[in-house]
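Student: I would like to go through this structure with you and ask, at each step, what justifies the words we use.
Tutor: Then let us look at it together and set each term against its value.

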Amino acid sequence: MCPGIESDKPGDCPKCGMALERNPTWKAAVKTIYTCPMHPEVEQDHPGDCPKCGMALVTKAGTTAVEEDVSELNDMTRRMWISTVLALPVFVVAMLHIIPSMAHASWVVSDASRWMQFILSTPVVLWAGAPFFRRGWRSLITRRFNMWTLIMLGVGAAYLFSVVAMLSPSVFPESMQMHGKPGIYFEAAAVIIVLVLLGQVLELRARSRTGSAIKALLNLAPPTARQVAEGGDHEVPLDQVKVGDWLRVVHGDKVPVDGEVVEGHSSVEESMITGEPLPVEKKVGDKVTGGTVNGPGSFIMRAERVGSDTLLGQIVNMVAEAQRSRAPIQGLADKVAGIFVPAVLAVSVLTFVLWMWLGPEPKLAHAIVNAVAVLIIACPCALGLATPMSIVVGVGRGAQEGVLVKNAEALERLEKITTLVVDKTGTLTEGKPKLMDVLPIGGLDSNEFLRLAASLEQSSEHPLAAAIVLGAKDRGIVLEAVKDFRSVTAGGVIGSIAGRVVMIGKSDFLRNERVTGLETLEATAVKLQEAGKTAMFVAIDGKPAGVIAVADPIKSTTAEAIRDLHALGLEIVMLTGDNRRTAAEVAKQLGLDAVEAEIEPAGKVAHVKKLRVEGKHVAMAGDGINDAPALSEAEVGIAMGTGTDVAMQSAGITLVKGDLRGIAKAIRLSRATMGNIRQNLFFAFLYNALGIPVAAGVLYPFFGLLLSPIIAGAAMSLSSVSVITNALRLRNAKL
């Protein structure tokens with residue numbers, strides 16, 4: 001970049017001929033596209049609602065920055081709290097008539113009480129409910145009936161009916177009046193708006209959290225890199241690193257971008273990619289990945305992939321794409337609404353026509369009152385409670401058992417799961433190396449052998465060394481001081497303890513230190529490696545002394561969890577970045593149905609997609625950064641609470657204790673909750689189905705009965721009480 005000269009592509013300055021440099025403050029303008037999660041074909045360049053289903057549009061993956069616009073969430077939250085404060089006294093006063101001791105209190109049906117309900121409910125309906133009326137009106141215009149149609153008609157009818165009853169009570173026939181006044185339904189209109197707002201806030205909060213996983217992934221990359229240049233190293237912002245740059249990575253640094261080691265050697269902890277807890281040796285010619293952590297040693301690397309081309313960048317894109325492509329929960333109420341809404345409208349119109357034709361005088365008043373009554377009784381008050389009540393109780397019940405549910409979608413999908421995909425490290429296993437075998441030779445006492453080895457390893461920074469030291473301390477062994485300690489990267493360590501020279505490392509390292517006769521130890525090491533363990537050779541005073549084996553042990557609860565999941569009818573598949581030998585041994589011990597090893601994050605995503613294409617309903621359980629894309633791609637992501645934040649943010653369900661037995665509990669919870677929701681919806685629609693004919697006036701020719709405020713209030717209250725009581729049964733569900 002030359003001052004005053006700007007270009008959107010590299011090249012030379014037209015004035016001075018110098019090569020143009022990148023402006024670090026410039027970012028490419030990316031067009032933001034908004035789409036519907038349920039109807040991906042709907043796209044537009046500005047936020048809004050889907051013309052088909054009325055849902056709020058979300059940003060399309062890959063078309064905008066990671067930061068989510070939370071203005072809609074803030075707006076809905078503000079509307080919810082204000083409307084709750086206003087609607088609560090309206091609901092309380094309106095429901096007092098069902099209490100026998102209060103039913104005939106004069107102030108309950110006084111003009112002051114009615115005007116209070118009118119004044120408080122009006123801003124709830126006209127201001128807080130305005131977005132829902134817009135969606136409902138659009139559904140009418142496009143003839144795509146949904147829950148917004150029903151909510152608009154029900155709330156609108158209840159509110160307008162009540163306003164007319166307040167301002168012109170004389171238009172109502174005497175049979176529709178009580179204490180000389182027609183009934184009002186302000187509380188129904190206000191409460192429905194509050195319930196719908198609550199549902200919207202919960203949905204928007206769940207959606208906003210999806211960006212947290214991507215932000216956490218981006219934070220894995222260091223903000224700067226050490227660029228090697230003439231005159232010494234200097235730090236540059238990560239976004240200024242170009243392909244071909246030479247970068248220095250020292251002990252403890254994060255590798256800035258993907259590339260190749262050109263000088264030096266070290267060991268790099270790559271668990272974020274492979275899931276394998278043990279560090280991987282890196283020498284000249286080896287590939288390194290951005291975001292991984294360098295151990296002891298340093299090296300110079302050549303940048304080969306930068307920005308979104310790095311593996312970490314690809315993981316970010318995979319997580320974003322999978323999260324944005326999933327449809328939100330589609331309740332049974334929405335499915336039925338397409339039939340229920342036009343049916344209610346037809347009944348209302350038919351009621352009006354029949355009363356105008358066959359009804360008593362005043363025909364028009366009776367026709368309007370009964371037609372509107374049909375819309376009021378169809379108002380989804382219990383319907384609004386049916387799903388959120390079960391979800392709230394179910395989520396609380398899960399939390400008691402250590403199963404944290406991010407949103408209702410996860411519970412709905414989990415019920416249908418047929419295949420569970422699991423990671424190995426940290427999910428089936430404990431996720432960290434542990435001392436497993438201490439095998440001295442030549443009659444050496446095992447405790448003395450371990451004391452010397454652990455005393456040497458306490459000066460090492462290698463994760464395997466920490467496992468040996470911890471294992472020795474757990475056995476009550478007291479360690480001694482080390483003299484003349486020396487560490488050889490990718491080889492081993494050597495030092496003097498109580499006058500004895502001790503070496504630990506690979507067989508090649510010991511041979512380089514002129515230790516001979518290692519053949520017996522190598523045969524033992526092969527057997528340990530076949531069992532999925534990492535073997536280290538030990539020599540004392542220049543002679544072979546034995547082998548120490550370290551491994552990532554299977555969790556004590558894993559076998560029981562696998563049996564429970566098989567009993568629930570699930571197929572269990574293990575996908576791991578670990579080596580095939582270790583993976584096969586773990587799968588054999590646990591009786592898993594299938595295993596894929598040495599697989600990268602993209603491979604995990606591809607395998608999950610393959611299973612779904614085969615018609616299987618897939619859940620994924622994992623704990624690592626490398627699991628995040630697959631957790632997002634699966635129908636349900638299940639994260640171990642002992643794992644990384646990225647995994648938990650990418651998953652719909654988190655197991656607090658990191659115990660796989662929690663998955664069986666989560667599945668039982670899902671089945672119980674979804675069954676409860678169906679029962680609630682049945683109750684809600686049943687009351688509507690029974691109430692609509694009464695509202696239409698079918699009982700009038702036989703009994704002279706029309707829908708009165710008492711009957712309407714009792715029916716609405718009874719339907720809501722039934723739904724709430726049924727939902728509360730989930731508190732005692734056996735998981």
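**Strands, helices and confidence**

Tutor: In this predicted model, strand β14 (residues 419-422) and strand β21 (residues 571-575) pair in the parallel sense over four bridges.

Student: What makes β14 and β21 count as paired strands?

Tutor: Two strands pair if at least two bridges are found between them, and β14 and β21 have four bridges; one of the residue pairs joined in this way is T419 with its bridge partner E571 in β21.

Student: Which strands form the open sheet, and in what order?

Tutor: Seven strands form the open sheet, in the order β13-β25-β24-β23-β14-β21-β22, and the pairing is mixed.

Student: Why is one side of β13 and of β22 left without a neighbour in the sheet?

Tutor: β13 (403-405) and β22 (594-596) stand at the edges and each has a single partner strand, so one side of each has no neighbour in the sheet. On average, and with direction ignored, neighbouring strands of this sheet are turned by 20° against each other. Helix α21 (residues 661-696) packs on the sheet, where it touches β13, β14, β23 (618-622), β24 (636-640) and β25 (653-655), and its direction makes about 50° with that of β13.

Student: Why are α1 and α3 called roughly perpendicular?

Tutor: Helix α1 (residues 71-95) and helix α3 (residues 130-142) pack at an angle of about 115°, with their axes 11 Å apart. Angles of 65 to 115 degrees count as roughly perpendicular, and α1 and α3 are therefore described in that way. In this contact E72, M76 and R79 of α1 meet A130, P131, F132 and R135 of α3, and the residues divide into four nonpolar, no polar and three charged.

Student: What makes α2 oblique to α3?

Tutor: Helix α2 (residues 111-128) and α3 pack at an angle of about 50°, with their axes 5 Å apart. Roughly parallel would need an angle under 35 degrees and roughly perpendicular one of 65 to 115, so α2 is oblique to α3. V125, L126, W127 and A128 of α2 make the contact with A130, P131, F132 and F133 of α3, and by class it has eight nonpolar, no polar and no charged residues.

Student: How do you know which elements carry the lowest and the highest confidence?

Tutor: Among the elements of the chain, strand β4 (residues 177-178) has the lowest mean pLDDT, 58, and strand β8 (residues 246-249) the highest, 93. The mean pLDDT of the chain is 79, and 79% of its residues reach 70 or more, whereas over residues 325-330 pLDDT stays under 50.

Note on methods. Residues are numbered from 1 along each chain as its sequence is written. This is a predicted model: local features need pLDDT of at least 70, side-chain atom pairs count only at pLDDT 80 or more; totals for chains, interfaces and linings use all residues. Side-chain values use heavy atoms; hydrogens and water are left out. Axes are lines fitted to C-alpha atoms, for helices over the stretch in contact, and angles run from 0 to 180 degrees between N-to-C directions. Helices (H or I, at least four residues) and strands (E, at least two) are DSSP runs, numbered from the N terminus. Angles under 35 degrees count as roughly parallel, over 145 as roughly antiparallel, 65 to 115 as roughly perpendicular and the rest as oblique. Contact means heavy atoms within 4.5 Å. Ala, Val, Leu, Ile, Met, Phe, Trp, Tyr, Cys and Pro count as nonpolar, Asp, Glu, Lys and Arg as charged, and the others, Gly among them, as polar. pLDDT is the predictor's confidence in each residue, from 0 to 100.
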